[in-house]
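This report describes a protein model with a bound ligand. It covers a sheet and the surroundings of the ligand.

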Amino acid sequence: MSLNSLHDRGVIARYRSFLPVTDSTPVISLNEGSTPLIHSPKLSEKVGRSCEVYIKYEGLNPTGSFKDRGMTMAISKAVEAGSQAVICASTGNTSAAAAAYAARANVTCIVLLPAGKIAFGKLAQAFMYGAKVVAIEGNFDDALRLVREIGETEPIAVVNSINPHRLQGQKTASFEIIEELGDAPDFHILPVGNAGNISAYWMGYDEFHRLGKASRRPTMIGFQAAGSAPIYHDRVIENPETIATAIRIGNPASWDFAKAAIRESQGAIDIVTDAEILAAQYWLASKEGIFVEPASAASIAGLLKSLDTSCASRAYHADRFPEGSKIVCTVTGHGLKDPDVAKDQCGGVIPAKAERSEILRLIAN
Ligand code: F0G
């Protein structure tokens, strides 16, 4: 292996021939992608019927979320086009990724965030990567509307997922899963916010299926937070609310793409409550050692809900996971992104004197 290929490890290097890049595209990468697909024995057991559940742990990307896959493409293409500045609206992860890749490319990054609704880790990232951070009085949907308007008149590249290069980069997660499992899974479950990711996964699965690299395409099942569920309710939600701030979105940009993915895959869109999200977040960390942010836990909460026979309103239920199914749940962002939610939902510390006897007494209890 040459020295060059040792260092060339991002999604553009790995999947160059499937992406709209040429020899004149400068590759701005932080070695994103190639994230672990972790088998979950406990979830597999819960599903039963010899099904296997895998977790695609996207929190292990360089800025801690799946957004890096799309951002390596968006920033590389922006630099290729001569842009000196990029802008995005974000619930936190897009802004972290945009700021990091822009820093690497020496371009200015402006991020518009809904004031007071960004998890602390994500805000820290935008600051440290040197972005201009603007907190607007409004929600993500307001911020995205402003970004669209500014992008139309100003010489600045919009790097939200309305930029088609973003979804191109994000589709590589499906490629990785197919290569690792040897085929597409039967079911793919993921959280849905602005609906870009479900659309990108479907694009990736469809592309590899058409190329004969997979024998099937999975059934796509998306979960929205109950207080922010426009696709589920089929109407814009004016004031979306959820503890999972990453998916606090009332008017998703990729709404139509997502609906098409669900329709074509005979999938479903369903909702999970904040309580279900928090319970799943804690369950995954404490039972499987995988710490994800609240929005990411929506996929796990969704899988658990689909197994809950006492829940009458399940859009998707386990009677439909046939024997031996392979199920992949994407967990989209790292748990350290949102330390406040983690801290608030867990028990406090056990105070103790610095004495051996006291520690032994506590251990014994
Ligand atoms: N999970 C996390 C951790 C996210 O940050 C997002 C979206 C999603 C899921 C939903 O993905 O929007 O493609 O349906 N975050 C965006 C942001 C909106 O600004 O970081 P989606």
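Which residue of β5 does Ile110 stand opposite? The residue is Lys132. The model in which this pair is found is a predicted one.

## The sheet

Strand β4 covers residues 108-114, and five bridges join β4 to β5. These two strands run parallel. Within β5, Lys132 is the residue that faces Ile110.

The β4-β5 pair belongs to an open sheet of four strands, whose order is β5-β4-β3-β6. Pairing in this sheet is parallel. At its edges are β5 (132-136) and β6 (157-158), each of which pairs on one side only.

## The shell around the ligand

The ligand is surrounded by 20 residues, and those that come nearest are Ser90, Asn194, Ala195, Asn197 and Thr332. By class, the shell holds eleven polar residues, seven nonpolar residues and two charged residues.

Three helices each supply at least two residues of this shell: α5 (93-105), α10 (196-210) and α14 (294-307).

## Polar contacts and cover

Backbone atoms of the protein take part in contacts with oxygen atoms of the ligand. For Thr94, a backbone N or O atom lies 2.7 Å from a ligand oxygen. A polar backbone atom of Ala195, a residue listed among those nearest the ligand, is 2.7 Å from an oxygen atom of the ligand. For Gly196, the distance between a polar backbone atom and a ligand oxygen is 3.1 Å.

On its own, the ligand has 470 Å² of accessible area, and the protein covers 98% of this area. The largest cavity is the space that the ligand takes up.

Methods
Residues numbered from 1 in each chain as written. Predicted model: local features only at pLDDT ≥ 70, side-chain atom pairs only at ≥ 80, totals over all residues. Heavy atoms only, no water. Near = heavy atom within 4 Å. Polar contact = N/O pair within 3.5 Å; in protein donor to acceptor, adjacent residues only side chain to side chain. Areas by Shrake-Rupley, 256 points an atom, 1.4 Å probe, with all protein chains shown as cover. 1 Å grid on protein atoms, 1.4 Å probe; cavity = no way out; pocket = protein on both sides within 12 Å on 5 of 7 lines; lining within 4 Å. Sits in = over half its atoms within 2 Å of the grid points. Nonpolar A, V, L, I, M, F, W, Y, C, P; charged D, E, K, R; others polar. Pairing = 2+ DSSP bridges.
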